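Please walk through this model with attention to its charged side chains and to the way one of its helices is packed.

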Amino acid sequence: GRLKEAVQALDVMEKRGIQPYLVTYFTILHGCINMKALSEGQRVHAHIMCSRFKPNIFLWNALVNMYAK
């Protein structure tokens, strides 16, 4: 569905050297939480850790929520 497409878009962006905004990660993570899609969420987490951004409190909270559910 759309969630898998969004995660695949992150893969494409990374390959092309395009840095997503923090809100992009946040939005996709919330999709992962709502769909209980841990494997996709782990991929998003990996993208975040490889990005130039440092996660803020909202992103950390989304990650904790994803792993807790």
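**Charge pairs and a packed helix**

In this predicted model, Glu5 and Arg2 both belong to helix H1, which covers residues 2-15, and they sit three residues apart, about one turn of the helix. These two side chains form a salt bridge in which the closest N and O atoms are 3.3 Å apart. As for their surroundings, Glu5 is partly exposed, with a relative accessible area of 43%, whereas Arg2 is exposed at 68%.

Side chains of opposite charge can pair when their charged atoms come close. The structure holds three salt bridges, and the remaining ones can be taken in turn. Lys4 forms a salt bridge with Glu40, with 3.6 Å between the closest N and O atoms. This pair links distant parts of the chain, since Lys4 lies in helix H1 and Glu40 in helix H3 (residues 38-50), 36 residues apart. Lys4 is partly exposed, its relative accessible area being 47%, while Glu40 has a relative accessibility of 11% and therefore counts as buried, the cut-off being under 20%.

A salt bridge also joins the side chains of Asp11 and Arg43, at 2.2 Å from N to O. Here too the partners come from distant parts of the chain, with Asp11 in helix H1 and Arg43 in helix H3, 32 residues apart. Asp11 is partly exposed at 23% relative accessible area, and Arg43, at 35%, is likewise counted as partly exposed.

Aromatic rings offer another kind of contact to examine. The count of aromatic pairs comes to zero, but a charged side chain does meet a ring, as Arg52 lies over the face of Phe53, at 4.9 Å from the ring centre.

The path now turns to helix H4, which runs over residues 57-68. At 1.5 Å a residue, its twelve residues should span 16 Å, and the end C-alpha atoms are 16 Å apart, so the expected and modelled spans agree. Which residues of H4 are buried? They are Leu59, Ala62, Leu63 and Met66. These buried residues cover an arc of only 100° around the axis, and therefore they lie on the same side of H4. What covers the buried residues of H4 includes helix H2 (22-35) and H3, and H3 is also the helix in which Glu40 lies and in which Arg43 lies. On the face of H4 turned away from its buried side, the exposed residues are Ile57, Val64 and Ala68.

Key
Residues are numbered from 1 along each chain as its sequence is written. This is a predicted model: local features need pLDDT of at least 70, side-chain atom pairs count only at pLDDT 80 or more; totals for chains, interfaces and linings use all residues. Side-chain values use heavy atoms; hydrogens and water are left out. Rings of Phe, Tyr and Trp (its six-membered ring) pair if their centres lie within 6.5 Å; planes under 30 degrees apart count as stacked, over 60 as edge-to-face and the rest as tilted. A charge sits over a ring if NZ of Lys or CZ of Arg is within 6 Å of the ring centre and within 35 degrees of the ring normal. A salt bridge is a side-chain nitrogen of Lys or Arg within 4 Å of a carboxyl oxygen of Asp or Glu. Helices (H or I, at least four residues) and strands (E, at least two) are DSSP runs, numbered from the N terminus. Buried means under 20% relative accessible area, exposed over 50%, partly exposed in between (1.4 Å probe, protein chains only). The expected span of a helix is 1.5 Å times one less than its number of residues. The arc is that of the directions from the helix axis to the C-beta atoms. Contact means heavy atoms within 4.5 Å.
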